[in-house]
Amino acid sequence: MQETKAFNEKRAEIYWWLSSLFAKELTEAELQSYQSVEIRSFLSGLGENETLKPSVDALVDALNRLQTREDAQLELAADFCDLFLKSDKHGALPYASMYIGSSKLLNGQPAKDMEKIMAEHGVGVNEDLKEPADHLAIQLDFLGNIIIRSNEAEQETQLEDSFAQQNEFIQSHLQSWIPQFQASCAKHDQFGLYASVASLLVAFCELDCSYLTGEY
């Protein structure tokens, strides 16, 4: 059980890391850290999994190309803005409401559903993220939180129940729209860093569901 809880911590850290990438533009200092041995080793470790390897390779390639990209931080910030902050016609808005439901309007039913599930778990929205609850960064942050909370389980059955909840959340609230989101990123992100991160997210969610259901 302790081994499972330690693995849960790693899973939560990955979801929180992915959340941070969709939450805001990377700073100059953060960009520099992606060239460090520590983060490159982390990415290399993820790439050892065959399911994740293509996306990780694409991300590493983008990071390598950033080293010779003129005004890299400003250009990447512009990529972030164009993709995630402007129009769904020329970008990939990171809100579930834009991809599922009948209205396809910002702050639609998926946002209300997220507000409800977060209230049920007593998890609030990060105050730094002034976004509807169905924003991808908020959903991933919430998932990391419920994973960590599952480590409070004292019995195996409690942990199994939590795994079932996590799997249901991923399938209902993420996998229902992130493949479409990833396709939009691939279409509109010419440089490719955020497209690779979106691809990695889709692959990791698939892998995680296999783990949670005992199929991996």
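So, helix 1 gives the largest share of the lining of the largest pocket, six residues. Keep in mind that this is a predicted model. The volume of that pocket comes out at about 400 Å³. There are 16 residues in the lining, and the ones closest to the centre are Phe7, Lys10, Ile14, Leu46 and Phe204. As for where the lining comes from, the elements giving two or more residues are helix 1, which is 2–23, helix 3, which is 37–47, and helix 10, which is 193–212. If you care about the chemistry in there, the lining splits into 10 nonpolar, two polar and four charged residues.

Okay, next pocket. The second largest one has a volume of about 220 Å³. It has 13 lining residues, and nearest the centre you'll find Trp17, Ser20, Ser33, Tyr34 and Ile39. Helix 1 turns up again here, along with helix 2, that's 28–33, and helix 3, each of them supplying at least two residues. Which helix gives the largest share of this second lining? That's helix 3, with four residues. By class you get seven nonpolar, two polar and four charged residues.

Now, how do helix 1 and helix 10 sit against each other? Their axes come within 11 Å, and the crossing angle is roughly 155°. Anything over 145 degrees counts as roughly antiparallel, so that's what helix 1 is to helix 10. The crossing of helix 1 past helix 10 is left-handed. On the helix 1 side, the contact is made by Thr4, Phe7, Asn8, Arg11, Ile14, Tyr15, Trp17, Leu18, Leu21 and Phe22. Helix 10 answers with Tyr194, Val197, Ala198, Leu200, Leu201, Phe204, Cys205, Asp208, Tyr211 and Leu212. Sort the residues of that contact by class and you have 16 nonpolar, two polar and two charged.

A few of those names should ring a bell. Phe7, Ile14 and Phe204 are in this helix contact, and they're also among the residues closest to the centre of the largest pocket. Trp17 belongs to the contact too, and it's one of the residues nearest the centre of the second largest pocket.

Let's move along the chain to helix 7, residues 136–150. It has two partners I want to show you.

Partner one is helix 8, residues 156–174, with the two axes 10 Å apart and an angle of about 170°. Again we're over 145 degrees, so helix 7 and helix 8 are roughly antiparallel. From helix 7 the contact uses Leu136, Gln139, Leu140, Phe142, Leu143, Ile146, Ile147 and Ser150, and from helix 8 it's Leu159, Ser162, Gln166, Phe169, Ile170, His173 and Leu174. The count for this contact is 10 nonpolar, five polar and no charged residues.

Partner two is helix 6, residues 109–121, whose axis comes within 12 Å of helix 7 and crosses at roughly 25°. That's under the 35 degree cut-off, so helix 6 and helix 7 are roughly parallel. Helix 6 goes past helix 7 with a left-handed crossing. Met114, Ile117, Met118 and His121 of helix 6 meet Ile138, Gln139, Phe142, Ile146 and Arg149 of helix 7. This contact holds six nonpolar, two polar and one charged residues.

And which residues of helix 7 touch both partners? Gln139, Phe142 and Ile146 meet helix 6, and they're in the contact with helix 8 as well.

Terms used: Residues numbered from 1 in each chain as written. Predicted model: local features only at pLDDT ≥ 70, side-chain atom pairs only at ≥ 80, totals over all residues. Heavy atoms only, no water. Axes fitted to C-alpha atoms, helices over the stretch in contact; angles between N-to-C directions. Parallel < 35°, antiparallel > 145°, perpendicular 65-115°, else oblique. Left-handed = near helix turned anticlockwise from the far one by under 90°. Contact = heavy atoms within 4.5 Å. Nonpolar A, V, L, I, M, F, W, Y, C, P; charged D, E, K, R; others polar. 1 Å grid on protein atoms, 1.4 Å probe; cavity = no way out; pocket = protein on both sides within 12 Å on 5 of 7 lines; lining within 4 Å. Points joined across faces, edges and corners; volume = space filled by probe spheres on them.
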